[in-house]
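Colleague: I am new to reading structures, and I would like to know what stands behind each word you use. Could you take me through this one?

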Amino acid sequence: MNKLKVGKKLFISYVMILIVLIAGCAVSIADFAKLGGQIETFYNGPFTVNDSAGTVNANFERMQKAVYRSISNTDPEIVREAVTNAREAALIIQEQITIIEEHFLGDKEIIARLNAALEKLAPMRETVLSLAAENRNAEAADYMENNNIPTIKEAQAELDNLIESGKNKGESLVAGLQDRQTKAVTTMMILGSVGVIVSAIFGAYITRGISQPVKELEEAARSMARGEFSDIKIEYRAQDELG
């Protein structure tokens with residue numbers, strides 16, 4: 001490469017640096033695209049599921065409190081309000097369960113068991129509410145104790161499993177996001193360092209290519225000034241014209 005024109009040397013160096021930069025950009029874009037995909041998976045999966053599971057849990061408690069309120073009061077207005085609250089909470093639970101089914105990334109059997117418990121509980125709840133609406137509170141309380149309570153415990157256990165599974169999946173995805181981020185930053189640092197090294201090498205090479213003939217000319221001029229014409233040696237052979 002010593003006989004290459006200076007312009008060609010500059011061109012080759014620029015091309016090499018450009019290749020490194022393009023490679024760095026391509027790798028970085030690919031890493032960040034994967035990072036974005038994992039973020040989307042986290043948002044559409046555990047984040048959405050945990051949000052809906054929290055809503056289900058809150059409305060499950062609201063539903064049970066409303067049922068207890070309906071059988072512990074004799075005021076028709078309070079009973080009607082409690083019955084309405086219980087049914088509204090049950091509807092919200094079903095809406096959120098549909099969202100969870102769509103986005104849940106864990107064991108689908110958990111959702112199946114939760115749905116089965118809620119479906120089993122629904123007619124029992126309506127029976128208790130109907131008895132409370134007829135002011136048959138003692139009978140409603142006895143029925144609830146023997147039927148609703150065991151089913152409520154089943155549903156609550158599966159709901160806890162669902163929340164725990166979503167939490168674990170979320171933590172796993174967050175760990176993956178952190179690992180992907182670390183890899184992306186490391187890759188960018190490595191490629192950046194390679195770019196700097198390549199730039200330094202070609203910079204030194206080009207500088208030497210320019211300074212070497214100048215140094216030879218300086219030595220030749222000194223020899224001529226001393227009248228030492230036999231010592232004059234100019235070995236550099238460039239094929240381009242500078243200036």
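**What the words rest on**

Modeller: Let's begin with Gln94, which touches Asn115 and Leu118 once residues up to four places away in sequence are set aside. This is a predicted model, in which local features need pLDDT of at least 70 and side-chain atom pairs count only at pLDDT 80 or more, while totals for chains, interfaces and linings use all residues. Residues are numbered from 1 along each chain as its sequence is written, and side-chain values use heavy atoms, leaving out hydrogens and water.

Colleague: What makes a pair such as Gln94 and Asn115 count as touching?

Modeller: A contact means heavy atoms within 4.5 Å, and Gln94 has such contacts with Asn115 and Leu118. Gln94 is also 8.3 Å from Val56, C-alpha to C-alpha, with their places 38 residues apart in sequence.

Colleague: Why is Gln94 called partly exposed?

Modeller: Buried means under 20% relative accessible area and exposed means over 50%, with partly exposed in between (1.4 Å probe, protein chains only). Gln94 has 38%, so it is partly exposed.

Colleague: Gln94 is found in helix 2. How do you know what counts as a helix?

Modeller: Helices are DSSP runs of H or I with at least four residues, strands are runs of E with at least two, and both are numbered from the N terminus. The protein has four helices and zero strands, so the order from the N terminus is α-α-α-α.

Colleague: How do you know that the span of helix 2 agrees with its 28 residues?

Modeller: The expected span is 1.5 Å times one less than the number of residues. For helix 2 that gives 40 Å, and the end C-alpha atoms are 41 Å apart, so the two agree. Helix 3, residues 108–133, passes a similar check: its 26 residues reach 37 Å, close to the expected 38 Å.

Colleague: Where does helix 3 have a kink?

Modeller: At Ala122, shortly before the proline Pro123, with an angle of about 25 degrees. The bend is the angle between axes fitted to the seven residues ending at a residue and the seven starting there.

Colleague: What makes Asp107 a cap of helix 3?

Modeller: A side-chain oxygen of Asp107 lies 3.0 Å from the backbone nitrogen of Glu109, at the N-terminal end of helix 3. A polar contact is a pair of N or O atoms within 3.5 Å; within protein, one must be able to donate a hydrogen and the other to accept it, and residues adjacent in sequence count only if both atoms are side-chain atoms. At the start of helix 2, a side-chain oxygen of Asp75 likewise comes to within 3.0 Å of the backbone nitrogen of Glu77.

Colleague: And what is found just after helix 3?

Modeller: Asn135, which lies in the loop between helix 3 and helix 4. Asn135 has a positive phi of about 65 degrees although it is not a glycine. With 46% relative accessible area, Asn135 falls between the two limits, so it is partly exposed.

Colleague: Glu158 and Asn148 are in helix 4. Why does Glu158 count as buried?

Modeller: Its relative accessibility is 13%, which is under the limit, so Glu158 is buried. Glu158 touches Ile110, Arg113 and Leu114, again leaving out residues up to four places away. Asn148 has 1%, so it is buried too. Among the residues that Asn148 touches are Leu121, Met124 and Tyr143.

Colleague: How many residues are in the largest nonpolar core?

Modeller: There are 34, and Phe60, Met63, Ile100 and Leu162 touch the most other members. Helix 1 (6–71), helix 2 (76–103), helix 3 and helix 4 each supply at least two, and helix 3 gives the most, with ten. A nonpolar core is a set of buried Ala, Val, Leu, Ile, Met, Phe, Trp, Tyr and Cys residues joined through side-chain atoms within 4.5 Å. Beyond its neighbours within four places in sequence, Phe60 is in contact with residues including Ile93, Leu118 and Ile152.

Colleague: What share of the whole protein is buried?

Modeller: Buried residues make up 30% of its 243 residues.
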